[in-house]
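Hi,

Here is the structure I said I'd pass on. Have a look at it first, and my notes follow underneath.

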Amino acid sequence: MAVCGPLRRYGRGLGLLAASAVAVGATAAVPTGRAVAAAPSSINIIAVHSGKCVAVDGSSQLPGAPVVQAECAGQAGALWTLRPAASGGGAVNMVNALSGLCLELGHVSGVVRARQAECGGQEGADFRFEDRGTYAWIQPSVGTPAKCLEVTGASHAHGAPLGLTDCHGQTGTAFRQRQPRTGNDPAEGPRAPVVTAADVDGDAKADLVVLGTEGVVSVQRNLGSRFDSGTPWSRSWSNYLGMPGQGRLYFADVTGDGKADLIVHGTDGEISVRTNKGNHFDGGTPWSNNWSNYLGHPGQGRLYFADMNGDAKADLIVHGTDGEISVRTNKGNHFDGGTPWSNNFRRCAG
Ligand SMILES: [Ca+2]
Ligand SMILES: [Ca+2]
Ligand SMILES: [Ca+2]
């Protein structure tokens, strides 16, 4: 789907399409690559690291208003069309659909900042999109080497200014487009190991379970005052690093033998249990399903695993978006339908 893809550089074929669109009076020409003709309208431009929108601050229609990173609230100030720039050569203007003004870079108190201004053919409003596969750099068409538009400081904040920096692939310089809608995209944090504490070897002392960025689960045994160097127990979990929408791994003793088992929460919503076999986990058995809305997107529910009834077997704790905490008891090969325990946690979900 091109609508979720990166901003793409204007190619020859796209330039022709843009020219014909202009000829019939349309101003929208979206360089999405493969499906340009299917998306001839306004787009949101998303900062990949934060999932937030590039938008005119406060949806102002005044020249000089800052263009910043903002919550995607469905505001008109976050709608953009891309027009071939008068300077040609594949450059585009980023035109705000509400104000009709162009995003330009200019000096504000000695630093370069993005703002909107009349589209007067000025160099500071001409940009190119450098296709980086799953995202694009937005580069001013003047200047060598080319610089990159960035959310300053790789901020996740609403209102963070947009500036200019060198292009090293650093966080804050990746952008992509999407069809306009209300709500941010999932933020993409840096990939980092996920560390959990659980007693894997059954000596009643918690060990360290590390899911590395390469997808290997290793267990570092508790030696009383330090952990050992670790042993690999399971592999191929690089899509389970806890980022929003990815699968998740949990470690808790589901079987009741005192040794933590591996609980896999897939993007298909299935919960399966992989039993601790002493130096690895087995191939797993499905225990529950329909949990695809509990994978960590902002505002979604959460799942936890802990023994709630004292039988030494971990139960499933469901934290719904309605704020309810319910407990689903471990029945040996599945969890029961659950009992509400509390409804005081509405604002904690997500
Ligand atoms: Ca242990
Ligand atoms: Ca166990
Ligand atoms: Ca239990």
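Let me start with F129, which sits in strand β8, residues 127-131, of this predicted model. Is F129 buried or exposed? It counts as buried, because 23 C-beta neighbours fall inside 10 Å and the cut-off for that label is 20 or more. If you want a landmark around it, try P140: the two are eleven residues apart in sequence, and their C-alpha atoms are 8.9 Å apart in space.

Next, the hydrophobic side of things. The largest nonpolar core has 42 residues. Within that core, C53, M94, I138 and F175 have the most contacts. Which element gives this core its largest share? That would be strand β2 (residues 53-56), with four residues. C53 is worth clicking on: once you set aside its neighbours within four places in sequence, C53 is in contact with N44, I45 and I46, and also with A70, C72 and A78. Another core, of 25 residues, lies apart from the 42-residue one. Among the members of that other core are Y250, A260, V273 and V318.

Now to the sheets, taking them in sequence order. Strands β17-β18-β19-β20 line up in that order as an open sheet of four strands, with antiparallel pairing. At its edges are β17 (248-252) and β20 (285-288), each pairing on one side only. From one strand to the next, the twist averages 30°. Inside this sheet, β18 (residues 261-265) and β19 (residues 271-274) pair in the antiparallel sense over four bridges. To find the register, look for V264, which stands opposite S272 in β19.

Further along there is an open sheet made of β21-β22-β23-β24, four strands in that order, and the pairing is antiparallel. Why do β21 and β24 each have one side without a neighbour in the sheet? β21 (302-306) and β24 (339-342) stand at the edges and have a single partner strand each, so one side of each is left free of a neighbour there. Here the twist averages 30° from one strand to the next. The pair to look at is β22 (residues 315-319) with β23 (residues 325-328), joined in the antiparallel sense over four bridges. In that pair, L316 stands opposite R328 in β23.

That's what I have for now. Shout if anything is unclear.

Cheers

How values were computed: Residues numbered from 1 in each chain as written. Chains lettered and ligands numbered in written order. Predicted model: local features only at pLDDT ≥ 70, side-chain atom pairs only at ≥ 80, totals over all residues. Helix = DSSP H or I, 4+ residues; strand = E, 2+ residues; numbered from the N terminus. Buried ≥ 20, exposed ≤ 12 C-beta atoms within 10 Å, placed from the backbone. Pairing = 2+ DSSP bridges. Axes fitted to C-alpha atoms, helices over the stretch in contact; angles between N-to-C directions. Core = buried A, V, L, I, M, F, W, Y, C linked by C-beta atoms within 7 Å. Contact = placed C-beta atoms within 7 Å.
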